[in-house]
Amino acid sequence: MAITDIKEFAHLTESDVAAFGAELDRIRRDIEQSLGESDADYIRRAIRLHRGLEAAARVLLLAGRYRVPRLAGTGLLATAKIIEMMELGHNISHGQWDWMNDPEIHSATWEWDFLGPSKHWQRAHNHVHHTYTNVYGMDADLGFVVLRMTRDEPWRPIHLLQPVASVVVAAGFEWAIAVHDWAIERRHAGVSRRAVRSRPNMEFARKIGRQLGKDMLLFPMLSGRGFRRTLAANATALLLRNLWSYLVIMCGHFPDGAEKFTVGQLENESRGEWYLRQVLGSANFSAGPVLAFMTGNLCYQIEHHLFPDLPSNRYPQIAERVRALCDAYDLPYTTGSLPAQFWQAARTVCTLALPDPLLRDTSDDARETRSERKFQLPALAADAPPTDSIAGVRRGLRTALAAADAHRRRWRLDGTR
């Protein structure tokens, strides 16, 4: 079962959690007070780069009868679409640049180059996912509905297909997200999908028509005899964007160490506990400046979940302080290489396709699903004080996890518990 008491799991007292939250509030204030023209220049440069890449791609695809320009145009178009989705559409729609009061770069007016309407995504993502991050039964992004990513979800025979389903979701990620957001919008509006002329349905239909008309009809028609080649190039660019965005999202949400929570954790949840849930429920991966930009700076998923409405270009700066804070409270800061994080997420997809009796670890002590009951074995000394009174060094979750993992390795070797 997932975490029901985050303070017990994190080995922190109520005052520890309050102090932890206060430190993160301080980081937020510091960043907000330092925002200025250099940040505004960053997002404007990103927009110019995206538009320049897309224009160059369209020109090259007009010469699509030649192989090299066609391949170059396809690559540039995929790059432009990735930038628009990850660094622009996603982050602008979070309100990261609303402080500029620029009507062009504002969450209320920006409509991204994506199949689903921005405001559908904002409700499903900003208001649901970021409020109930990794809470089973509340966060609809926990497995995108079709994937079983925690043992809290009862196994069903259909889950045997989820390794194949995950490939289908990756290839059609744009459609998967758009339909997912549309369903949440309909539930919020209280209308049935059969109410054909309802507001959510009409918004969704108009956006689909606009996107398919642009990428699958208008630009291919402008190529004249090269219609089919341009159509294939556009479809390839969309596929590459889907695969890339799926990869990034999986690496930030489902590697080992990205914890899951029960609805009970939400009862009387304090601000500090909400912050703590974001840190423990997210994962980063290593990236240089170019790779970070191409992920929309979601290689800093922990920082994004803590401060989803702060500008993404500040996440590297924020990450230094968050990591130091995790060190001070002996909390894990889950990160790793991009291949390693994706491998762990993919392994979870395949592992949880199997029924529980075939799995080795328990539902409280598995790579992808842990809880405070993991530490209840007497040998783990879960009741150790949070601070070593002699050395003055805090003993928290990171130390407890290391001890538990060492104990499990010994148990597997000699069969003692």
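In this predicted model, the buried residues of helix α8 pack against five helices: α3 (37–62), α4 (67–93), α5 (118–129), α7 (173–189) and α9 (227–253). The buried set consists of P200, N201, E203, F204, K207, I208, Q211, K214, D215 and P220. A crossing of α2 with α10 and two loop residues with positive phi are covered after α8.

**Helix α8**
- Helix α8 covers residues 199–222, 24 residues in total.
- From first to last C-alpha α8 spans 33 Å, close to the 34 Å expected at 1.5 Å a residue.
- At G213 the helix α8 bends by about 40°.
- G224, which follows α8, has a positive phi near 60°.

**Crossing of α2 and α10**
- Helix α2 (residues 14–34) and helix α10 (residues 271–280) have axes that come within 8 Å and cross at roughly 75°.
- Angles of 65 to 115 degrees count as roughly perpendicular, and α2 and α10 are therefore roughly perpendicular to each other.
- On the α2 side the contact involves V17, F20, G21, L24, D25 and R28, and on the α10 side R271, G272, E273, Y275, L276 and V279.
- By type, the residues of this contact are 6 nonpolar, 2 polar and 4 charged.

**Non-glycine residues with positive phi**
- V145, in the loop between α5 and α6 (162–171), has phi near 75°.
- V145 counts as exposed because its relative accessibility is 58%, and the cut-off for exposed is over 50%.
- N297, in the loop between α11 (289–294) and α12 (301–306), has phi near 60°.
- N297 counts as buried because its relative accessibility is 5%, and the cut-off for buried is under 20%.

Technical notes
Residues numbered from 1 in each chain as written. Predicted model: local features only at pLDDT ≥ 70, side-chain atom pairs only at ≥ 80, totals over all residues. Heavy atoms only, no water. Helix = DSSP H or I, 4+ residues; strand = E, 2+ residues; numbered from the N terminus. Expected span 1.5 Å × (residues − 1). Bend = angle between axes of the 7 residues up to and from the residue. Buried < 20%, exposed > 50% of the residue type's maximum accessible area, 1.4 Å probe, protein only. Contact = heavy atoms within 4.5 Å. Axes fitted to C-alpha atoms, helices over the stretch in contact; angles between N-to-C directions. Parallel < 35°, antiparallel > 145°, perpendicular 65-115°, else oblique. Nonpolar A, V, L, I, M, F, W, Y, C, P; charged D, E, K, R; others polar.
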